[in-house]
Amino acid sequence: MLAAHSASKAGGADAAALRPVALITGGSAGIGLAIAREFAAHGHDLLLVARDATKLEVAALTLARSFPVRIHLLALDVADADAVTRINRELLESGLTVAWLVNNAGTWLAGAICDSRPEDLDTA
Ligand SMILES: NC(=O)c1ccc[n+]([C@@H]2O[C@H](COP(=O)([O-])OP(=O)(O)OC[C@H]3O[C@@H](n4cnc5c(N)ncnc54)[C@H](OP(=O)(O)O)[C@@H]3O)[C@@H](O)[C@H]2O)c1
(Lines give C-alpha, C1' and ligand atoms only; values in the text may rest on other atoms or scores of the structure.)
Protein backbone atom coordinates (compact mmCIF):
# COMPACT_ATOMS: atom_id res chain seq x y z
CA MET A 1 0.00 0.00 0.00
CA LEU A 2 1.31 3.42 -0.90
CA ALA A 3 0.71 5.90 1.91
CA ALA A 4 1.13 9.65 1.56
CA HIS A 5 3.76 10.93 3.96
CA SER A 6 1.20 13.10 5.70
CA ALA A 7 -1.20 10.21 6.28
CA SER A 8 -2.26 8.68 9.59
CA LYS A 9 -1.55 11.07 12.44
CA ALA A 10 -0.58 9.22 15.61
CA GLY A 11 -0.52 12.23 17.94
CA GLY A 12 0.79 10.86 21.23
CA ALA A 13 0.36 7.16 20.50
CA ASP A 14 2.26 4.94 22.92
CA ALA A 15 5.31 3.03 21.73
CA ALA A 16 3.42 -0.24 21.31
CA ALA A 17 1.04 1.40 18.84
CA LEU A 18 3.82 2.65 16.60
CA ARG A 19 4.32 0.85 13.29
CA PRO A 20 7.91 -0.28 12.61
CA VAL A 21 9.50 0.84 9.34
CA ALA A 22 12.79 0.48 7.58
CA LEU A 23 14.08 4.04 7.17
CA ILE A 24 16.25 4.14 4.07
CA THR A 25 17.98 7.37 3.12
CA GLY A 26 18.70 7.51 -0.60
CA GLY A 27 15.94 4.95 -1.07
CA SER A 28 14.76 6.26 -4.44
CA ALA A 29 17.61 4.91 -6.57
CA GLY A 30 20.62 2.64 -6.81
CA ILE A 31 21.74 0.68 -3.77
CA GLY A 32 19.13 2.28 -1.50
CA LEU A 33 16.26 1.27 -3.78
CA ALA A 34 17.66 -2.27 -4.05
CA ILE A 35 17.76 -2.48 -0.25
CA ALA A 36 14.22 -1.04 -0.05
CA ARG A 37 13.06 -3.80 -2.41
CA GLU A 38 14.58 -6.45 -0.13
CA PHE A 39 12.85 -5.04 2.96
CA ALA A 40 9.55 -4.84 1.06
CA ALA A 41 9.99 -8.40 -0.19
CA HIS A 42 10.24 -9.48 3.44
CA GLY A 43 7.01 -7.64 4.26
CA HIS A 44 8.46 -4.61 6.02
CA ASP A 45 6.96 -1.13 5.70
CA LEU A 46 9.27 1.59 4.41
CA LEU A 47 10.11 5.24 4.95
CA LEU A 48 12.13 6.35 1.95
CA VAL A 49 14.06 9.62 2.10
CA ALA A 50 15.70 11.45 -0.81
CA ARG A 51 15.71 14.98 -2.23
CA ASP A 52 13.70 14.53 -5.43
CA ALA A 53 10.01 13.98 -4.63
CA THR A 54 9.20 12.75 -8.14
CA LYS A 55 11.92 10.10 -8.05
CA LEU A 56 10.61 9.00 -4.66
CA GLU A 57 7.07 8.68 -6.05
CA VAL A 58 8.28 6.65 -9.02
CA ALA A 59 10.29 4.34 -6.76
CA ALA A 60 7.33 3.89 -4.41
CA LEU A 61 4.94 3.11 -7.25
CA THR A 62 7.36 0.55 -8.63
CA LEU A 63 7.73 -1.14 -5.25
CA ALA A 64 4.00 -0.98 -4.53
CA ARG A 65 3.29 -2.91 -7.74
CA SER A 66 5.20 -5.89 -6.37
CA PHE A 67 4.86 -5.73 -2.59
CA PRO A 68 1.82 -5.12 -0.33
CA VAL A 69 3.63 -2.90 2.19
CA ARG A 70 3.07 0.68 3.32
CA ILE A 71 5.56 3.07 1.76
CA HIS A 72 6.05 6.49 3.34
CA LEU A 73 8.01 9.15 1.49
CA LEU A 74 9.89 12.18 2.71
CA ALA A 75 11.64 14.53 0.30
CA LEU A 76 14.56 16.26 1.97
CA ASP A 77 18.30 16.75 1.81
CA VAL A 78 19.92 14.75 4.61
CA ALA A 79 22.70 17.36 4.70
CA ASP A 80 20.25 20.08 5.77
CA ALA A 81 20.63 21.20 9.36
CA ASP A 82 16.98 20.42 10.13
CA ALA A 83 16.89 17.02 8.37
CA VAL A 84 16.84 14.97 11.59
CA THR A 85 14.13 17.19 13.07
CA ARG A 86 11.98 16.77 9.96
CA ILE A 87 12.46 13.00 9.94
CA ASN A 88 11.53 12.82 13.62
CA ARG A 89 8.43 14.93 12.97
CA GLU A 90 7.41 12.62 10.13
CA LEU A 91 7.84 9.56 12.34
CA LEU A 92 5.78 11.13 15.11
CA GLU A 93 2.99 12.42 12.86
CA SER A 94 2.66 9.14 10.97
CA GLY A 95 2.92 6.93 14.06
CA LEU A 96 6.10 5.19 12.93
CA THR A 97 9.14 3.87 14.71
CA VAL A 98 12.47 3.05 13.07
CA ALA A 99 13.16 -0.67 13.34
CA TRP A 100 15.96 -0.57 10.76
CA LEU A 101 18.06 2.38 9.61
CA VAL A 102 19.91 2.20 6.30
CA ASN A 103 21.86 5.45 6.17
CA ASN A 104 22.81 5.17 2.52
CA ALA A 105 22.19 8.60 0.94
CA GLY A 106 25.22 10.03 -0.67
CA THR A 107 27.28 10.61 -3.75
CA TRP A 108 30.23 8.59 -4.93
CA LEU A 109 33.41 10.69 -5.08
CA ALA A 110 36.07 9.49 -7.46
CA GLY A 111 39.69 9.74 -6.40
CA ALA A 112 41.50 9.87 -3.10
CA ILE A 113 39.59 11.40 -0.18
CA CYS A 114 42.61 13.59 0.68
CA ASP A 115 42.32 15.17 -2.78
CA SER A 116 38.62 16.02 -2.33
CA ARG A 117 37.36 19.54 -1.74
CA PRO A 118 35.64 20.11 1.65
CA GLU A 119 32.43 21.25 -0.09
CA ASP A 120 32.32 17.99 -2.07
CA LEU A 121 32.80 15.95 1.09
CA ASP A 122 29.87 17.80 2.68
CA THR A 123 27.57 16.64 -0.13
CA ALA A 124 28.84 13.04 -0.29
N1 LIG B 1 27.82 2.73 -6.47
C2 LIG B 1 29.02 2.44 -5.96
O3 LIG B 1 29.89 1.82 -6.60
C4 LIG B 1 29.35 2.84 -4.54
C5 LIG B 1 30.55 2.42 -3.98
C6 LIG B 1 30.84 2.77 -2.65
C7 LIG B 1 29.95 3.52 -1.92
N8 LIG B 1 28.80 3.94 -2.50
C9 LIG B 1 27.89 4.73 -1.68
O10 LIG B 1 26.61 4.07 -1.62
C11 LIG B 1 25.60 5.07 -1.55
C12 LIG B 1 24.57 4.86 -2.67
O13 LIG B 1 25.25 4.84 -3.92
P14 LIG B 1 24.44 4.61 -5.27
O15 LIG B 1 25.45 4.25 -6.30
O16 LIG B 1 23.29 3.72 -5.01
O17 LIG B 1 23.95 6.13 -5.54
P18 LIG B 1 22.75 6.66 -6.50
O19 LIG B 1 22.30 5.61 -7.44
O20 LIG B 1 23.24 7.97 -7.02
O21 LIG B 1 21.56 6.92 -5.46
C22 LIG B 1 21.76 7.87 -4.45
C23 LIG B 1 20.48 7.98 -3.65
O24 LIG B 1 20.73 8.89 -2.57
C25 LIG B 1 19.86 10.02 -2.71
N26 LIG B 1 20.61 11.17 -2.22
C27 LIG B 1 21.80 11.63 -2.66
N28 LIG B 1 22.19 12.69 -1.95
C29 LIG B 1 21.21 12.91 -1.03
C30 LIG B 1 21.03 13.88 -0.03
N31 LIG B 1 21.93 14.85 0.20
N32 LIG B 1 19.91 13.82 0.74
C33 LIG B 1 18.97 12.86 0.53
N34 LIG B 1 19.10 11.91 -0.41
C35 LIG B 1 20.20 11.94 -1.20
C36 LIG B 1 19.47 10.06 -4.20
O37 LIG B 1 18.24 10.70 -4.45
P38 LIG B 1 18.16 12.31 -4.73
O39 LIG B 1 19.22 12.63 -5.72
O40 LIG B 1 16.76 12.54 -5.21
O41 LIG B 1 18.41 12.95 -3.38
C42 LIG B 1 19.32 8.57 -4.46
O43 LIG B 1 18.11 8.08 -3.93
C44 LIG B 1 26.28 6.42 -1.65
O45 LIG B 1 26.45 6.92 -0.34
C46 LIG B 1 27.62 6.10 -2.28
O47 LIG B 1 28.61 7.02 -1.90
C48 LIG B 1 28.46 3.60 -3.78
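Q: In what order do the elements of the protein chain run from the N terminus on?
A: From the N terminus on, the elements run β-α-β-α-β-α-β-α, and the protein chain holds 4 helices and 4 strands. Helices here are DSSP runs of H or I with at least four residues, strands are DSSP runs of E with at least two, and both are numbered from the N terminus. The model is a predicted one, in which local features need pLDDT of at least 70 and side-chain atom pairs count only at pLDDT 80 or more, while totals for chains, interfaces and linings use all residues. Residues are numbered from 1 along each chain as its sequence is written.

Q: Why is Val21 called buried?
A: A residue is buried if 20 or more other C-beta atoms lie within 10 Å of its own, exposed if 12 or fewer do, and partly exposed in between, with C-beta atoms placed from the backbone. Val21 has 24 other C-beta atoms within 10 Å, and therefore it counts as buried. This residue is found in strand β1, residues 19–25.

Q: Why is Thr123 called exposed?
A: Thr123 has 11 other C-beta atoms within 10 Å, and because the limit for an exposed residue is 12 or fewer, the word fits. Thr123 is found in helix α4, which covers residues 118–123.

Q: Which residues is Val21 in contact with, leaving aside its neighbours within four places in sequence?
A: Two residues are in contact if their C-beta atoms, placed from the backbone, lie within 7 Å. By that rule Val21 is in contact with Asp45, Leu46, Leu47, His72, Leu96, Val98 and Ala99. One of these partners, Leu96, is 75 residues from Val21 along the chain, and the C-alpha atoms of the two are separated by 6.6 Å. For Thr123, with residues up to four places away again not counted, the contacts are Ala79 and Thr107.

Q: What share of the contacts with a separation of 6 or more comes from residues 24 or more positions apart?
A: Among contacts in the protein chain with a separation of 6 or more, residues 24 or more positions apart account for 67%.

Q: What makes β1 and β2 a pair of strands?
A: Two strands pair if DSSP finds at least two bridges between them. β1 and β2 have 4 bridges, in the parallel sense, and 4 satisfies the requirement of at least two. Leu23 has Leu47 in β2 as its bridge partner, and Thr25 stands opposite Val49 in β2.

Q: Which other strand pairings are found for β1 with β4 and for β2 with β3, and over how many bridges?
A: β1 and β4 pair in the parallel sense over 7 bridges, with Val102 in β4 as the bridge partner of Ile24. β2 and β3 also pair in the parallel sense, over 5 bridges, and Ala50 has Ala75 in β3 as its bridge partner.

Q: How do you know that β2 is mostly covered?
A: In β2, 5 of its 5 residues are buried. Leu46, Leu48 and Ala50 point one way from the strand, Leu47 and Val49 point the other way, and all are buried. In β3, 4 of the 5 residues are buried, so this strand is largely enclosed by the rest of the structure. For the protein chain of 124 residues, the buried share is 26%.

Q: Which residues touch the most other members of the largest nonpolar core?
A: A nonpolar core is a set of buried Ala, Val, Leu, Ile, Met, Phe, Trp, Tyr and Cys residues joined through C-beta atoms within 7 Å. The largest such core has 25 residues, of which Ala36, Leu46, Leu47 and Leu48 touch the most other members. β1, α1, β2, α2, β3 and β4 each give two or more residues to this core, and β2 gives the most, with 5 residues.

Q: How do you know that the length of helix α3 agrees with its number of residues?
A: The expected span of a helix is 1.5 Å times one less than its number of residues. For the 12 residues of α3, residues 83–94, the expected span is 16 Å, and the end C-alpha atoms are 16 Å apart, so the two agree. Just after α3, Gly95 takes a positive phi of about 70°.

Q: Which residues are the closest to the ligand?
A: A residue counts as near the ligand if its C-beta atom, placed from the backbone, lies within 6 Å of it. There are 20 residues around the ligand, and the closest are Gly26, Gly30, Arg51, Asp52 and Gly106. The largest share of this shell, 3 residues, comes from α1.
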